[in-house]
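Welcome, and thanks for taking a look at this one. Please have the chain open in your viewer as you read along.

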Amino acid sequence: MEQLVAELKKMLPFKETTEPGDIVLIAAKQPQMLLYAVVGDIVRDETRKAEWWHVTLHLLSLPLQTVVWTLRTPQFTGQEIFTMGGEGRFVQAVRLEHRPVGSAFDPPPDPGGKGQAKDRGRRPGLRIVK
């Protein structure tokens with residue numbers, strides 16, 4: 001598991017912190033998987049003296065699933081590999097870069113000025129490609 005985490009840290013830009021709304025990468029040893037999740041709430045577990053948190057994760061899988069894991073801060077910020085049911089797990093937020101203005105996803109300029117003002121700056125919708 002340590003080797004997998006080391007390789008992932010070379011390939012992906014990770015954040016040092018995790019906040020609600022972040023996208024995290026979850027790596028598991030058994031079953032062997034990599035998947036992304038969106039962090040929902042992070043709520044303190046008041047039933048424990050030590051600092052534990054209820055971390056709501058919306059798994060980006062089919063079907064979509066929501067799980068709540070009780071973790072310590074080092075466990076959901078990628079500082080520590082931990083186990084669940086005796087199997088290794090790793091969770092860390094991914095740093096998403098803002099795309100620069102003028103990227104390939106921006107709509108082309110409207111030379112005739114006939115486009116509606118409310119549609120400016122929006123990405124084009126889906127289209128059927130045959």
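What follows is a short tour of a predicted model, from its nonpolar cores to its rings and strands.

**The cores**

Let's begin inside. The largest nonpolar core has 15 residues, and V24, I26, L57, L59 and W69 are those with the most contacts inside it. Five elements give two or more residues to this core: β1 (23-28), β2 (33-44), β3 (53-59), β4 (65-71) and β6 (87-93). Another core, of eight residues, lies apart from it, and M1, V5, L8 and V94 are among its members.

Which residues does L59 touch, once its neighbours within four places in sequence are left aside? The contacts of L59 are I26, L35, Y36, A37, L64, Q65 and V67.

**Strand β6 and its partners**

It is worth lingering on β6, one of the contributors to the largest core. Six of the seven residues of β6 are buried, so the strand is mostly covered. On one side of the story is β1, which pairs with β6 in the antiparallel sense over five bridges; here V24, already met in the largest core, stands opposite A93. Strand β5 (residues 82-84) also pairs with β6 in the antiparallel sense, over three bridges, and M84 stands opposite E87 there. β5 and β6 form a hairpin with two residues between them. In the turn, G85 has a positive phi of about 60 degrees.

**Rings**

How many aromatic pairs does the structure hold? There is one, made by F14 and F90, and it is edge-to-face because the ring planes stand at 85 degrees, with the ring centres 6.0 Å apart. F14 comes from the loop between α1 (2-11) and β1, while F90 belongs to strand β6, so the pair ties together parts that are 76 residues apart in sequence. Are these two residues buried or exposed? Both F14 and F90 are buried.

W52 offers another ring to look at, this time with arginines over it. The table gives the distance of each from the ring centre.

| Arginine | Ring | Distance from ring centre |
|---|---|---|
| R48 | W52 | 4.5 Å |
| R72 | W52 | 5.7 Å |

R48 lies over the face of W52, and the charged end of R72 sits over the ring of W52 as well.

**Pulling it together**

If you have time for one element, try β6: this strand gives residues to the largest core, pairs with β1 and with β5, and carries F90 of the aromatic pair.

How values were computed: Residues numbered from 1 in each chain as written. Predicted model: local features only at pLDDT ≥ 70, side-chain atom pairs only at ≥ 80, totals over all residues. Heavy atoms only, no water. Core = buried A, V, L, I, M, F, W, Y, C linked by side-chain atoms within 4.5 Å. Buried < 20%, exposed > 50% of the residue type's maximum accessible area, 1.4 Å probe, protein only. Helix = DSSP H or I, 4+ residues; strand = E, 2+ residues; numbered from the N terminus. Contact = heavy atoms within 4.5 Å. Phe/Tyr/Trp six-rings, centres within 6.5 Å; stacked < 30°, edge-to-face > 60°. Lys NZ or Arg CZ within 6 Å of the ring centre and 35° of its normal. Pairing = 2+ DSSP bridges.
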